[in-house]
Structure formats: C-alpha cells, structure tokens
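Visitor: I'm new here, so could you walk me through what I'm looking at?
Guide: Happy to; have a look first, then ask away.

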Amino acid sequence: VQLQACGGGSVQAGGSLRLSCAASGMIFSINEMGWYRQVPGKQRELVAIITSRGSTNYADSVKGRFTISRGNAKNTVFLQMNSLKPEDTAVYSCKGVLTRVATMLLQEYWGKGTQVTVSS
C-alpha cells in the first residue's frame, strides 16, 4: 500500500492551495483518510480527516478555511486550503487507516510529506 501526496508549494498569505493524496495497492477497505502537519520542533497535529461515511473533523485553527473531500473512487482525498496564513506553513502528510487484502488488519499508513509555505 502506498499513499502518494502532492500539491504543496509556496503561496502568499490569503492564497489557496489544494493537496491531494491517493492510496494505491491491494486495499480491502478504507476507514478514514486525513491530513496532518508538522513544523520543526513541534508535534505533528491533525488538520482534517474524513471517514468512509463522509464524516469530517477539522482542527479549530483551519475550520472555515480548509475543506477535506474524497474523490469518486474513495481512495483519494483532497484538502482545499483557502485564506492561507503564515502559521499554516508546515510539512503536510497524508494518513490512511485501512485494511490491506494481504493481512486483513486495520492499520495506519503514511504518505511522504509535502511542504506548504505561506509568506506574509
């Protein structure tokens, strides 16, 4: 199983970016997918998650500015980030909680992070 994230970059404050993450491989089911972020010296924090039923949860700091959604194939998740602020600067990583066909075990899988830089 692989999670491939893309869409990071640099933007000025007030701008927008869209991140995407696709899970591939022999996947039996996906319970949830989400985005986390981390800045040097700080713990990784939840940004947004979406469950298999479409329920969403957001960090208070991004509510009203970020929107998480799934693609039609349900193995892809998007994070639309609007009204970006310098404090949103971080490495954003995608996480999937899913069951592989090979193991039938529910486990977490992480994609490689993508840098988001917001300048003032």
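Visitor: Let's start with Arg37: is it buried or exposed?
Guide: The yardstick is relative accessible area, with a 1.4 Å probe and protein chains only: under 20% is buried, over 50% is exposed, and in between is partly exposed. Arg37 comes out at 6% relative accessibility, so it counts as buried.

Visitor: Before we go on, where do these values come from?
Guide: This is a predicted model, so local features need pLDDT of at least 70 and side-chain atom pairs count only at pLDDT 80 or more, while totals for chains, interfaces and linings use all residues. Residues are numbered from 1 along each chain as its sequence is written, and side-chain values use heavy atoms, leaving out hydrogens and water.

Visitor: Which side chain meets that of Arg37 in a salt bridge, 2.6 Å from N to O?
Guide: A salt bridge needs a side-chain nitrogen of Lys or Arg within 4 Å of a carboxyl oxygen of Asp or Glu. The partner here has 35% relative accessibility, so it counts as partly exposed. At 2.6 Å, N to O, the residue that pairs with Arg37 is Glu45.

Visitor: How many salt bridges does the structure hold?
Guide: Besides the Arg37 pair, Lys63 and Asp60 meet at 3.1 Å, N to O, and Asp60 is exposed at 65% relative accessibility. The count for the structure is five.

Visitor: Which strands hold Lys95 and Glu108?
Guide: Their side chains meet in a salt bridge of 3.3 Å, N to O. Strands (E, at least two residues) and helices (H or I, at least four) are DSSP runs, numbered from the N terminus. The pair links distant parts of the chain, 13 residues apart: Lys95 sits in E9 (residues 90–100) and Glu108 in E10 (residues 106–110).

Visitor: Which residues do salt bridges with shared partners join into one network?
Guide: Lys95, from the pair we just met, is buried at 9% relative accessibility. The network built through shared partners consists of Arg37, Glu45, Arg65 and Asp88.

Visitor: What does Ala90 touch, not counting residues up to four places away in sequence?
Guide: Ala90 is in strand E9, and its 4% relative accessibility makes it buried. Contact means heavy atoms within 4.5 Å. By that test, Ala90 touches Arg37, Gln38, Val39, Thr114, Gln115 and Val116.

Visitor: And Thr76: which side chain does it join in a polar contact of 3.4 Å?
Guide: Thr76 lies in strand E8 (residues 76–81) and is buried, with a relative accessible area of 18%. A polar contact is a pair of N or O atoms within 3.5 Å; within protein, one must be able to donate a hydrogen and the other to accept it, and residues adjacent in sequence count only if both atoms are side-chain atoms. The partner of Thr76 is Asn75.

Visitor: Zooming out, how many helices and strands does the protein have?
Guide: Read along the sequence, the pattern is β-β-β-β-β-β-β-β-β-β-β. That makes zero helices and eleven strands.

Visitor: What share of the residues counts as buried?
Guide: We've met buried ones such as Arg37 and Ala90. Across the 120 residues of the protein, the share is 40%.
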